[in-house]
Each structure stands twice: as structure tokens, then as C-alpha cells.
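Trainee: Before the terms are used, I should like to see how each one is justified. May we go through them in turn?

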Amino acid sequence: MTERKKIPFNVACFQGKEVTYFHEAIENAHISGDGPFTRKCHNLLEKELGVPKALLTTSCTHALEMSALLLELVEGDEVILPSFTFVSTVNAFVLRGAKPVFIDIRPDTLNLDESQLDSLITERTRAIVPVHYAGVGCEMDSILNIAQKHNIAVIEDNAHGLFGKYKGKFLGTFGQFATQSFHETKNFTCGEGGALLINDPSYIEAAEIIREKGTNRSQFFRGQVDKYTWVSQGSSYLPSDLLASFLYAQLEFRERIQETRKRIWEAYYSSLQSWARDHGVQLPTVPDHCEQAYHMFYLILPSLEVRRRLIAYLDRLSINAVFHYVPLHLSEMGRSFGGHIGQCPITEDLSDRLLRLPMYYELKPAEQQFVVEALEKFDGWG
Ligand SMILES: *Cc1c(COP(=O)(O)O)cnc(C)c1O
């Protein structure tokens with residue numbers, strides 16, 4: 001028997017131009033932050049998405065931290081966010097002393113359940129953080145309505161959703177801020193990286209200062225002030241221009257990357273329809289008013305036990321399928337904020353049954369077919 005290649009869960013996308021631009025960045029002799037490639041990335045994101053300001057950051061985690069700093073959150077402020085998310089969504093606010101208030105998700109899109117927002121808002125609520133899970137938009141009309149009524153900020157964690165849309169408008173353009181990730185596991189990558197999108201221009205200057213160690217260096221280089229100095233709290237959130245050069249190559253090829261991911265997603269969706277129906281498996285839901293970003297393909301299986309057996313079975317065939325978020329309200333930290341079983345029942349149930357299939361730019365049709373056929377042959381439904 002010929003040895004079959006492994007099908008990993010994810011392989012970082014690579015276009016080829018990354019190396020050329022990396023060399024160019026070296027030749028530019030500006031490899032620290034905010035060099036020519038960083039500016040190219042900023043311009044591309046601002047023009048393409050129509051946001052007033054885009055700032056590359058060292059990660060999505062850091063863009064989230066910048067959001068918390070920009071809102072000047074203090075001890076005891078409350079932030080409403082899903083329990084079904086990555087730790088950074090919450091940590092960024094906890095670092096400022098804020099209290100996370102976990103909201104359950106909708107059983108269809110796995111996005112936060114906007115109908116529960118009203119009951120969680122208090123005098124201390126300062127922000128709502130919708131996470132566009134799998135790059136499918138949250139119900140932004142309802143979320144923004146409630147936020148505006150109570151004068152609460154909205155920060156979109158759009159790590160999965162770059163170039164996705166809700167009602168024809170790009171994800172990341174709804175909240176005061178939105179955060180992007182360019183981590184290896186995301187649609188576009190430079191290894192580690194992120195961006196802060198700023199939709200409320202009144203925060204632009206403060207964001208530039210926070211990102212540049214609390215100095216007005218950006219204004220200085222634009223000639224707006226004649227010396228640069230320490231003006232507020234801040235840190236170092238800007239990535240090297242070498243990383244920006246790598247990222248720019250990927251953003252330039254965004255259509256090809258997204259079209260490839262769309263083809264892969266749709267092939268899974270159409271070939272697994274009847275299989276899913278026969279075995280009580282739920283496939284992803286994308287509402288008609290959402291254009292998704294094709295970040296992931298997941299299955300909701302009938303039980304935790306079936307998931308355990310399916311992961312082991314696929315592993316024996318060298319196919320790497322993985323589960324996802326473990327509910328944050330039940331983590332050690334989550335429990336220290338009062339998290340308990342039964343608090344977010346849909347999250348608790350679905351996180352146990354969700355399985356993500358291999359999905360990456362380089363996934364070949366024959367490999368994908370092998371994954372589909374493996375699923376069809378699985379008989380561990382019990
Ligand atoms: C990946 C991810 C992050 C963190 O991104 P980094 O760039 O690795 O900091 C935050 N939130 C969500 C929803 C993510 O998927």
C-alpha cells in the first residue's frame with residue numbers, strides 16, 4: 001500500500017509574492033513598524049472596507065487590548081461577550097479590571113444571542129463584543145440598536161470574518177472598533193499579526209498614540225507637531241514592516257484566496273447534505289442576509305461520544321479534524337467570575353458536539369473527496 005499523505009487541519013496560505021515583498025522590505029531599509037508595506041496594508045484595508053482608519057497590530061489579541069485601553073475601562077466595568085470564543089476576546093478586557101459577562105449563543109449561527117442582551121445590561125455595562133463566528137455576521141442591527149439605546153460601545157472581534165458582509169456591509173465596519181487576526185490559522189496571515197479597524201474617527205489620534213508607546217510619534221512624522229514626546233499610556237502594538245510585506249502579498253490576492261476557500265466550503269456543504277440528514281448532523285447555517293468569509297467548515301454531531309469516536313476514526317486515516325472553543329464561563333478563570341454550569345446552555349451543548357473539518361487554501365479536491373468519503377464510511381454512530 002502506498003503511504004498516504006496526512007491531511008492536516010490547517011496549512012498556512014502562501015501565495016509566492018510574500019518572498020519578493022519580504023526582500024523589498026529589506027531593501028527599503030525600514031524594517032521596524034509603520035514602513036512602506038504597513039502603509040500599503042493600511043491603505044488597502046481602508047479603501048477596500050471603507051473604514052476611516054486601519055492600524056496593523058502585532059496580533060488580534062493586541063488590537064482587542066487597544067480597544068479596552070481606548071474605552072478607558074476601569075475596575076468593575078462590565079463587558080458582554082460570548083463564552084463561545086477564544087480567550088483573548090475576554091482577556092483583553094479582564095486585563096483592565098473589567099468583569100466579563102458571558103452571553104449564550106444562537107443555536108443556528110453560533111453567534112451571540114442578541115435577544116439576551118437586554119437582560120444582561122446593567123449600569124456598569126461599557127461594551128458588547130460580538131464575535132462573527134466562522135466569518136458569519138452577528139445580528140448587527142439588533143446589537144447596534146441596543147448598544148445605542150444604552151450608550152454602550154460595540155467592538156467586533158472579526159478574527160474570522162475579514163471581507164465577510166452583513167446586509168451588504170463589510171464585517172468590521174459596524175462597531176466603534178473591530179479587530180482582525182493574521183495568525184497562521186486565519187484566512188490571511190503573516191504568521192502572527194492583527195489589525196484594529198476604527199470606525200469612530202474621534203478615537204484615531206488616541207489609537208495612534210497608544211500603539212506607539214504612548215507617544216505622538218505618528219503626528220510628529222506627519223509634521224503635525226514639532227517634537228515627539230510621551231503623551232499618554234501606551235505600549236508597542238505595531239508589527240515589523242517585514243511582517244507587513246508578507247501580509248500585503250496575501251491581501252493583494254484576497255479574491256483568489258477567498259474564492260478558493262468558497263469552493264472548498266461549498267464542496268463540503270453540497271457533498272455532505274444527505275449524509276448529514278441521514279445521521280442527524282447539523283451543517284453550518286448562513287442566513288440569507290450574510291455573505292460569509294469562508295473561514296471554517298464545521299459539523300454539529302449528535303453527541304460528544306460520537307465526536308470522540310469520529311475524531312479517533314479520522315485520525316487513523318491521517319485526517320486531522322478538531323473541536324473548537326471550550327466554554328470560557330466554565331474555565332478556571334471563568335468560574336472565578338461566577339461562571340457555572342447551566343449559565344450558557346446552548347454553548348455548553350454545542351461546544352461538546354462541534355467538529356471542524358480540514359479547510360485551507362492548499363486543500364486539493366482529491367484530498368477533500370477523501371475526507372468526504374471517510375465521513376460517509378464512518379459507522380460509529382452507536
Ligand atoms: C484567532 C482569534 C483571536 C486571536 O488572534 P491572535 O491574532 O492570535 O491574537 C481572537 N479572537 C478570535 C475569535 C480568534 O479566532
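Mentor: The discussion below takes the ligand site and then the domains of this predicted model.

Trainee: What makes T61, D157, H160, S181 and K186 stand out among the 15 residues around the ligand?

Mentor: Those five come nearest to the ligand. A residue belongs to the surroundings if one of its heavy atoms lies within 4 Å of the ligand.

Trainee: Why is the pair formed by D157 and the ligand called a polar contact?

Mentor: The limit is 3.5 Å between N or O atoms. A polar side-chain atom of D157 lies 2.7 Å from a ligand nitrogen atom, so the pair qualifies. S181 also places a polar side-chain atom 2.7 Å from the ligand, here from an oxygen atom. At C60 a backbone N or O atom lies 2.9 Å from a ligand oxygen atom. Of the 380 Å² that the ligand exposes when taken alone, the protein buries 93%.

Trainee: Which residue classes make up the shell around the ligand?

Mentor: The shell holds 5 nonpolar, 8 polar and 2 charged residues.

Trainee: Where do the domain bounds fall, and what is said to be in contact?

Mentor: The domain assignment gives domain 1 as 18-252 and domain 2 as 254-377. Contact requires heavy atoms within 4.5 Å, and 42 residues from domain 1 and 35 residues from domain 2 take part. The C-alpha centres of the two domains lie 26 Å apart.

Note on methods: Residues numbered from 1 in each chain as written. Predicted model: local features only at pLDDT ≥ 70, side-chain atom pairs only at ≥ 80, totals over all residues. Heavy atoms only, no water. Polar contact = N/O pair within 3.5 Å; in protein donor to acceptor, adjacent residues only side chain to side chain. Areas by Shrake-Rupley, 256 points an atom, 1.4 Å probe, with all protein chains shown as cover. Nonpolar A, V, L, I, M, F, W, Y, C, P; charged D, E, K, R; others polar. Domains from an automatic or database assignment.
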